[in-house]
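Please look over the model below with an eye to charge pairing, surface character and open space.

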Amino acid sequence: NSLLLNVTKTKELIVDFRRAQQPRTYTPLEINGTTVDRVSCFKYLGVHITEDLTWTTHTAALVSKARQRLYHLRQLRKFRVSLRVLQSFYSGAVESILSDNITIWFGNSSARTGRLCREQCVRPNALWELHSPPAGTIHQ
């Protein structure tokens, strides 16, 4: 097997929950004489992983992406697009982002980040007088 590692694409993430009185120093990881970059957060298969293993960065990225798409939903409403098209757009463009990997991150997210995601699911109610499923029920 001739597997070669691309050191420029390799990242090192240190997760250490030991209690320490003083800051810990770690020896840099080297592969073939090249030092691997150390990061505090990286994106792997669409999921943001942080060194403290919280979901704050991931949910903030999801909410940001959902807000961008809600703008387009509001624009469609300004053009008086039918309710059915608005619902399809919301389901395909917004809800699909919020429900991506939701079984993994939603149950472990903080109350603040969970509230942000629920708001993104409820916000379209102002665009149409229908009930959209809250994020807490999507993951079940």
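The report that follows takes up the salt bridges, then a pocket and a surface patch, and lastly one helix residue.

This is a predicted model, and the structure holds two salt bridges. In one of them Asp 37 pairs with Lys 11, with the closest N and O atoms 3.2 Å apart; because Asp 37 belongs to strand β4 (residues 37–38) and Lys 11 to strand β1, this pair ties together parts that are 26 residues apart in sequence. Glu 12 and Arg 38 also meet through their side chains in a salt bridge, at 3.5 Å from N to O, and since Glu 12 lies in strand β1 and Arg 38 in strand β4, parts 26 residues apart in sequence are tied together by this pair. The accessibility of the four partners is set out in the table.

| Residue | Relative accessible area | Class |
|---|---|---|
| Asp 37 | 40% | partly exposed |
| Lys 11 | 39% | partly exposed |
| Glu 12 | 15% | buried |
| Arg 38 | 40% | partly exposed |

Arg 38 is also among the residues that line the largest pocket, including Ile 14, Val 15, Phe 17 and Asp 52. That pocket holds about 180 Å³ of space, and its lining comprises five nonpolar, one polar and six charged residues.

Val 15, which sits in the loop between β1 (11–12) and β2 (30–31), is partly exposed at a relative accessible area of 37%. Together with Phe 17 and Leu 53, Val 15 makes a nonpolar surface patch of about 300 Å².

Ala 93, placed in helix α2 (residues 83–98), is buried, with a relative accessible area of 14%. Although Ala 93 and Arg 69 are 24 residues apart in sequence, their C-alpha atoms are 6.5 Å apart in space.

Technical notes:
Residues are numbered from 1 along each chain as its sequence is written. This is a predicted model: local features need pLDDT of at least 70, side-chain atom pairs count only at pLDDT 80 or more; totals for chains, interfaces and linings use all residues. Side-chain values use heavy atoms; hydrogens and water are left out. Helices (H or I, at least four residues) and strands (E, at least two) are DSSP runs, numbered from the N terminus. Buried means under 20% relative accessible area, exposed over 50%, partly exposed in between (1.4 Å probe, protein chains only). Patches are made of residues with over 30% relative accessible area and no salt bridge: like charges are joined within 9 Å, nonpolar side chains (Val, Leu, Ile, Met, Phe, Trp, Tyr) within 5 Å. Accessible areas come from the Shrake-Rupley method with a 1.4 Å probe; for residues, only the protein chains shown count as cover. A salt bridge is a side-chain nitrogen of Lys or Arg within 4 Å of a carboxyl oxygen of Asp or Glu. On a 1 Å grid over the protein atoms alone, a cavity is a set of points where a 1.4 Å probe fits but cannot get out, and a pocket is an open set with protein on both sides within 12 Å along at least five of seven lines; lining residues have an atom within 4 Å of a point. Grid points are joined across faces, edges and corners, and a volume is the space filled by probe spheres set on the points. Ala, Val, Leu, Ile, Met, Phe, Trp, Tyr, Cys and Pro count as nonpolar, Asp, Glu, Lys and Arg as charged, and the others, Gly among them, as polar.
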